[in-house]
Amino acid sequence: MLRNSYKKLLEDTRKYYKNLKKIRCKHIENDLIIFGDSGFSHLLIKDRKLRSIDEQFRKLCLVQYIPQIINNDGIKKETRIIQSKEYGQIEYIALSGNFDNKIVKIILRKLGNGNYHFWSIMDK
């Protein structure tokens, strides 16, 4: 039973995520956020290993909050920049807000001069 509900959640969330494609984000000067395969894969995999089913389930359930976080006022923004030999500058932006009595945070990533793309989502 749990396996079937996980499979349905995975399929439904994948369809929803693919329909996001690109969204302008007022918290990063109206730049586009790209919703590509790497971001979706990161919901399921970390450090080249599958996340636990519980962790995947939790992250997949949070995907519905992405548009609200990107477009709402009252969102907290944190930025971290690191240097990489492979990519040069990597910028991570965390946007978080309170939704349904939990804090939901999305992570955006920008490699060098590329576009921002969705990287992860989590709750507290």
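**Exercise 1. Find which residue of S6 is the bridge partner of Ile81, then describe how S5 and S6 pair.**

Step 1. Look across from Ile81: its bridge partner in S6 is Glu91. Strands here are DSSP runs of E with at least two residues, helices are runs of H or I with at least four, and both are numbered from the N terminus.

Step 2. Widen the view to the whole pair: S5 and S6 are antiparallel and share nine bridges. Two strands count as paired if DSSP finds at least two bridges between them.

Step 3. Now the link: three residues lie between S5 and S6, and the two strands form a hairpin.

A friendly note before going on: this is a predicted model, where local features need pLDDT of at least 70, side-chain atom pairs count only at pLDDT 80 or more, and totals for chains, interfaces and linings use all residues. Residues are numbered from 1 along each chain as its sequence is written, and side-chain values use heavy atoms, with hydrogens and water left out.

**Exercise 2. Follow S6 onwards to S7 and state how many bridges join them.**

Step 1. Count the bridges: ten join S6 to S7, and the strands run antiparallel. One example is Ser96, whose bridge partner in S7 is Lys105.

Step 2. Inspect the turn: this hairpin has two residues between its strands, and Asp100 takes a positive phi near 50°.

Step 3. Check the cover of S6 (residues 88-99): nine of its twelve residues are buried, meaning under 20% relative accessible area with a 1.4 Å probe and protein chains only.

**Exercise 3. Assemble the sheet and place helix H3 on it.**

Step 1. Pair S7 (residues 102-111) with S8 (residues 116-123): seven bridges join them, antiparallel. Within this pair, Arg109 has His117 in S8 as its bridge partner.

Step 2. Write the order: the six strands of this open, mixed sheet go S1-S2-S8-S7-S6-S5. Its edges are S1 (22-25) and S5 (76-84), each pairing on one side only.

Step 3. Add H3 (residues 53-62), which packs on the sheet and touches S7 and S8; contact means heavy atoms within 4.5 Å. The direction of H3 makes about 115° with that of S8, using lines fitted to C-alpha atoms, for helices over the stretch in contact, with angles from 0 to 180 degrees between N-to-C directions.

**Exercise 4. Decide whether Ile70 is buried or exposed.**

Step 1. Locate Ile70 in helix H4 (residues 66-71).

Step 2. Read its relative accessible area: at 0%, Ile70 is buried.

Step 3. List some contacts beyond four places in sequence: they include Ile23, Phe35 and Ile106.

Conventions:
Buried means under 20% relative accessible area, exposed over 50%, partly exposed in between (1.4 Å probe, protein chains only).
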